[in-house]
Amino acid sequence: MYLDDIAVFSFEYEDHLTKLRKFLERMEKHNLTLNPSKCVFANTVIQILGHIVDEDGIRMDPAKVESIKKFPTPRNVTDVH
């Protein structure tokens with residue numbers, strides 16, 4: 001089984017540690033592993049699925065928006081495909 005982009009979210013740090021511990025225990029129980037080089041813990045800002053999530057809420061990632069703005073306009077049927 002392969003999962004990607006798992007986020008454990010909490011408003012309070014102590015609550016976060018509790019949720020994270022339970023999550024890791026479930027991973028172990030079901031023999032699922034994480035790639036340590038891709039793990040990031042206790043961040044206050046994350047980029048996920050083209051969005052930025054932080055204490056102010058969820059907003060579009062400006063880098064993704066910019067790349068869409070710069071994408072060339074299709075000029076014929078082949079470009080659309």
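**View 1. Helix α1, β1 and β2 around the largest pocket.** In this predicted model, α1, β1 (46-48) and β2 (51-54) each give at least two residues to the lining of the largest pocket. The biggest share, six residues, comes from α1. The pocket holds about 1,400 Å³ of space. Its lining runs to 37 residues, and those closest to the centre are I6, A7, V8, V40 and I46. I46 sits within the β1 range, 46-48.

**View 2. Helix α1 from end to end.** Here we have residues 13-29, which makes 17 residues in the helix. From the first C-alpha to the last, α1 reaches 24 Å, close to the 24 Å expected at 1.5 Å a residue. Look for H16, L20, F23 and M27, which are buried. Seen down the axis of α1, the buried residues fall within an arc of 65°, so they line one face of the helix. Over on the other side, E14, R21, R26, E28 and K29 are exposed. After the helix comes N31, with a positive phi near 55°.

**View 3. H16 and its contacts.** This one picks out a residue of helix α1. H16 has a relative accessibility of 12% and therefore counts as buried, the cut-off being under 20%. Setting aside neighbours within four places in sequence, what does H16 contact? The partners are V8, F9, S10 and A42. V8 turns up again among the residues closest to the centre of the largest pocket. F9 is also half of an aromatic pair, and A42 belongs to the loop between α1 and β1.

**View 4. The F9 and F11 rings.** The count of aromatic pairs comes to one. F9 and F11 make up that pair, with an edge-to-face arrangement: 5.0 Å centre to centre and 80° between the planes. In general, a pair of aromatic rings is described by the distance of the centres and the angle of the planes. Is F11 buried or exposed? F11 counts as exposed, because its relative accessibility is 75% and the cut-off is over 50%.

**View 5. Two positive phi values in the loop between α1 and β1.** Most residues other than glycine have a negative phi, so a positive value is worth a look. N31 has a phi near 55°, positive in a residue other than glycine. A42 has a positive phi too, about 60°, and is not a glycine either. N31 is found in the loop between α1 and β1, and A42 is placed in the loop between α1 and β1 as well. N31 is exposed, with a relative accessible area of 69%. A42, at 47% relative accessibility, counts as partly exposed. A42 is also one of the residues in contact with H16.

**View 6. I58 in strand β3.** The strand covers residues 57-60, and I58 is part of it. I58 is exposed, with a relative accessible area of 64%. Which residues does I58 touch, leaving aside neighbours within four places in sequence? They are H51, I52 and V53. These numbers fall in the range of β2, 51-54. For a longer view, T33 and I58 are 25 residues apart in sequence, with 28 Å between their C-alpha atoms.

**View 7. R59, next along in β3.** R59 also lies in strand β3. At 39% relative accessibility, R59 counts as partly exposed. Beyond its neighbours within four places in sequence, R59 is in contact with H51, I52 and D54. H51 and I52 are also on the contact list of I58. How far apart are the C-alpha atoms of R59 and Q47? They are separated by 9.7 Å, for two residues 12 apart along the chain.

**View 8. P74 between two helices.** P74 is found in the loop between α2 (62-70) and α3 (77-80). Its relative accessible area is 45%, so P74 is partly exposed. Not counting residues up to four places away in sequence, P74 touches D79 and V80. Both of these contacts carry numbers in the α3 range, 77-80.

Definitions and conventions. Residues are numbered from 1 along each chain as its sequence is written. This is a predicted model: local features need pLDDT of at least 70, side-chain atom pairs count only at pLDDT 80 or more; totals for chains, interfaces and linings use all residues. Side-chain values use heavy atoms; hydrogens and water are left out. Helices (H or I, at least four residues) and strands (E, at least two) are DSSP runs, numbered from the N terminus. Buried means under 20% relative accessible area, exposed over 50%, partly exposed in between (1.4 Å probe, protein chains only). Contact means heavy atoms within 4.5 Å. The expected span of a helix is 1.5 Å times one less than its number of residues. The arc is that of the directions from the helix axis to the C-beta atoms. Rings of Phe, Tyr and Trp (its six-membered ring) pair if their centres lie within 6.5 Å; planes under 30 degrees apart count as stacked, over 60 as edge-to-face and the rest as tilted. On a 1 Å grid over the protein atoms alone, a cavity is a set of points where a 1.4 Å probe fits but cannot get out, and a pocket is an open set with protein on both sides within 12 Å along at least five of seven lines; lining residues have an atom within 4 Å of a point. Grid points are joined across faces, edges and corners, and a volume is the space filled by probe spheres set on the points.
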